[in-house]
Structures are given as structure tokens and as C-alpha cells.
Amino acid sequence: MTILVTGAAGFIGSQVAAALVARGEQVIGVDSINDYYDPRLKQARLDRLRSLAKGESFRFHHLDLADRAAMEALTARDGQSIDGIVHLAAQAGVRYSLVNPHAYIASNLIGHMHVLEMARHLPKLRQLVYASSSSVYGGNTKVPFSIDDRVDNPLSLYAATKRADEALSISYAHSHGLAQTGLRFFTVYGPWGRPDMAYFSFTKAIFDGEPLRIFGDGSMRRDFTYIDDIVAGVLASLDRPIDAGQHRLYNLGNNAAASVNDLIVAIEAATGRKAKRNEVPPPPGEVAATWADIEASRRDLGFQPKTALPQGIERFVAWYKDYYLA
Ligand SMILES: NC(=O)c1ccc[n+]([C@@H]2O[C@H](COP(=O)([O-])OP(=O)(O)OC[C@H]3O[C@@H](n4cnc5c(N)ncnc54)[C@H](O)[C@@H]3O)[C@@H](O)[C@H]2O)c1
């Protein structure tokens, strides 16, 4: 099969693309390689993919999903061969949406719409799998968060764009018969991860001998989910047969919310160093706790997270040392 992966230079996209290459698929990757965080890390992920694919099963196009002409050219060039799309490119991050809201509208709304337009014109396409986020649950206080909960109270622009993506996708399922699966990811972490996320910046700070910038007293809870478990859930979604016009949503989370203090304990254990703490007030948009109800994902996708936080952090720290400190 030929699978288009958007955001292929990103954290989750590069790992999904690697897993697809490993099982023998042809992968077309696209990414704008923007500088939201160090583009050298994105280039290094692409280098790794090229070497895994031995120059054969991975092709890459450097393009911006918000560029309509570039998307139409991609459709004309590769559209006939594409069997599935995994759409992971987005402007991620809750806090940056206070700084650069335009990036969220361009990538997450216009970009998502261009992917939908492309998808509906592909003759062989089985389905489009796309990334949503646990942030759509906003200030939901009922835990664990269920797909059946109301999600009309986003606390950040990022969350609003992710929820809007779900609505756009539902409309394309109805209007154009486009089969889709939306996946609400919960705080994904692991090797080749994102430098803007707490587990990454805490690890960097601890190795640099700097204090960790902690929001509040560290009691905020997140359903930290290891990258390999997420990749398994994405592939299971892609493989599951789906009818024309069907749109499904699933949570992909670890189903075991841990506090930021638990995260710090895990990083201390993996690095063998003691953290210095700098507690600062949480910025607007940060939710107190996330926790995924994964009953439906278990039932329909066979989704079964296998990696506990201390074990996943150990693997992340091993990668970090190898990548930055070797
Ligand atoms: N990592 C998490 O914890 C998490 C949680 C919930 C949802 N998500 C979602 O999962 C997806 C992947 O996230 P990630 O953590 O890998 O983030 P990432 O930032 O590492 O990857 C996203 C990639 O998309 C690319 N991109 C952004 N805008 C683009 C555009 N307009 N055109 C082409 N490429 C563009 C970026 O350059 C980047 O390489 C995103 O949709 C994100 O919103 C991630």
C-alpha cells in the first residue's frame, strides 16, 4: 500500500512513517519543516527515515499544507497511487497559541481542509486517519474523558482548532462519503520527541544543571502515553475496515494519569540526577488533569497501551543521551 503521512518530519509522524516502512509499505511524507522547534531535529528524523527505507520506500515532499497550489500539485502527482492518509501535520502546543494564533489557523484549519479536499479526490483512498487531541475536552472535570462527553468548551485556540478539525471531517464524511478516523492523542512522549514538551525540557534542564520550570506545585495530571503505543493505535486505525461516509473518533491514551511530580521522579531515576525546582503559575489554557477512557479503542482497535511512565522515560532519556550528549 502507499500511505501519505503529513507531518512526517514531526515526532509522531516520523515514528508512524518508520513503522509503515518497517512493515513494507510505500510512504510519501510531507512536512513544512517549520521552526516552531529546532528544525535540525526534524531533518535528523527524516535522515533516519531515509536510512530505514534504504532510499526506496520513503519519498519526501517539503511543502506547506496551507498552500493550496502545492496541495493540488501533490494530488496531481501522487494522487492516483495513495491508498491511505495519516494526517499528523499541525501547529501543536497550547501555550504557543497565545503567541502565534495565525499559525494555528493556517496549519490546523486551512491545512486540514486542504487535506480533506485532496482526500476526496483520490480514486483508491480507503480512509483518512487524522490527529485530534485530548485538549478538546477543555475543562471537563468528569474523568476519565470519554468520546461521548461534551466537547464544546475549548480552553485554548489550539483546542478550538482541533475540535473544529473534527467538525470539518464529520462534514466531509456526510457531504463526500469520505471515510475517516479521528484520534484524540493524550500527551505523547518518547524517543525523537518534541523539545517544547515538559518531559523533554525537564530532561534537558536536569542534564544542564538548570532548575525545572514547573507549572504550579507539580500536581497537574496528564495521561502520558508512550510513542510506540500511539503508533500501534494509529496503524490499527488505518488497518481497520471502514465504510464510505463513516467517521469514527477514538481516544489514544495510557489510561493512567500521572502527576508532573511523578514525571519528575521518573526523570530523576532515569538520569540519576536530582531536579532543582522553579515553580511558576500555570499559563491560561492548561487543564488540571487529563485521563483517557479507552474502552472503545480497546474494543474496536485492539488498542492496549503497554508502556508505564518510568519505563518510557528511561527509553526517552537513553535516546536523549545518545542524540545530544554522546
Ligand atoms: N505530541 C502530543 O502529545 C500530541 C497530543 C495531542 C495531539 N497531537 C497531535 O498529533 C499531531 C503530531 O504532533 P507531534 O507531537 O508529532 O508534533 P510535531 O510538531 O513534532 O509534528 C508536526 C509536524 O507538522 C509540521 N507542520 C506544521 N504545520 C504544517 C503545515 N502547514 N504544512 C506541513 N507541515 C506542517 C511541522 O513542521 C512538524 O514537523 C499533531 O496534529 C498534534 O496536534 C500531539
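Let me start with Arg 299 and Asp 300, which form a salt bridge with the closest N and O atoms 2.9 Å apart. This is a predicted model, so everything I show is computed from predicted coordinates. Arg 299 has a relative accessibility of 61%, which counts as exposed. Asp 300 has a relative accessible area of 22% and is partly exposed. Since buried means under 20% here, Asp 300 falls outside that class.

Next, a second pair. Glu 268 and Lys 274 meet through their side chains in a salt bridge, at 3.4 Å from N to O. Are the two partners buried or exposed? Glu 268, at 17% relative accessibility, counts as buried. Lys 274 is exposed, and its relative accessible area is 69%. So in this pair a buried acid meets an exposed base.

The third pair is Arg 150 with Asp 152, whose side chains form a salt bridge at 2.5 Å, again N to O. Arg 150 is exposed, with 67% relative accessible area.

There is also a network: salt bridges link Arg 23, Glu 25 and Asp 239. How many salt bridges are there in the whole structure? The search finds 21. On charge in general, the chain carries 35 positive and 35 negative charges, and their mean positions are 1 Å apart.

Asp 239 takes us to helix 7, which covers residues 227-239. Val 234 lies in that helix. Val 234 has a relative accessible area of 1%, so it is buried. What does Val 234 touch, apart from neighbours within four places in sequence? The contacts are Val 16, Val 86, Leu 183, Phe 185 and Leu 252. I would also point to Ala 131: it is 103 residues from Val 234 along the chain, and their C-alpha atoms are separated by 9.2 Å.

Leu 252, one of those contacts of Val 234, is also the last residue of strand 11, which runs over 247-252. After strand 11 comes a loop leading to strand 12, residues 258-259, and Asn 254 lies in that loop. Is Asn 254 buried or exposed? Asn 254 is buried, with a relative accessible area of 14%. Setting aside residues up to four places away in sequence, Asn 254 touches Asp 223, Phe 224, Thr 225, Asp 229, Pro 305 and Thr 307. Of these, Asp 229 falls within the range of helix 7, 227-239.

Now the chain as a whole. It has ten helices and 13 strands. Along the principal axes, the C-alpha trace spans about 55 × 45 × 40 Å. For 326 residues, a compact globule would have a radius of gyration near 20 Å; the chain has 19 Å, so the two agree.

Buried residues account for 55% of the 326 residues. The accessible surface is about 13,800 Å², and carbon and sulfur atoms hold 52% of that.

Last, the contacts. Taking those between residues at least 6 apart in sequence, 83% join residues at least 24 apart. Val 234 with Val 16 is a contact of that kind.

To recap the two buried residues I dwelt on: Val 234 is at 1% relative accessible area, and Asn 254 is at 14%. That is the end of what I have.

Technical notes
Residues are numbered from 1 along each chain as its sequence is written. This is a predicted model: local features need pLDDT of at least 70, side-chain atom pairs count only at pLDDT 80 or more; totals for chains, interfaces and linings use all residues. Side-chain values use heavy atoms; hydrogens and water are left out. Helices (H or I, at least four residues) and strands (E, at least two) are DSSP runs, numbered from the N terminus. The radius of gyration is taken over C-alpha atoms; the globule rule is 2.2 Å times the number of residues to the power 0.38. Buried means under 20% relative accessible area, exposed over 50%, partly exposed in between (1.4 Å probe, protein chains only). Contact means heavy atoms within 4.5 Å. Accessible areas come from the Shrake-Rupley method with a 1.4 Å probe; for residues, only the protein chains shown count as cover. Lys and Arg count as positive and Asp and Glu as negative; His and the chain ends are not counted. The place of a charge is taken as NZ of Lys, CZ of Arg, CG of Asp or CD of Glu. A salt bridge is a side-chain nitrogen of Lys or Arg within 4 Å of a carboxyl oxygen of Asp or Glu.
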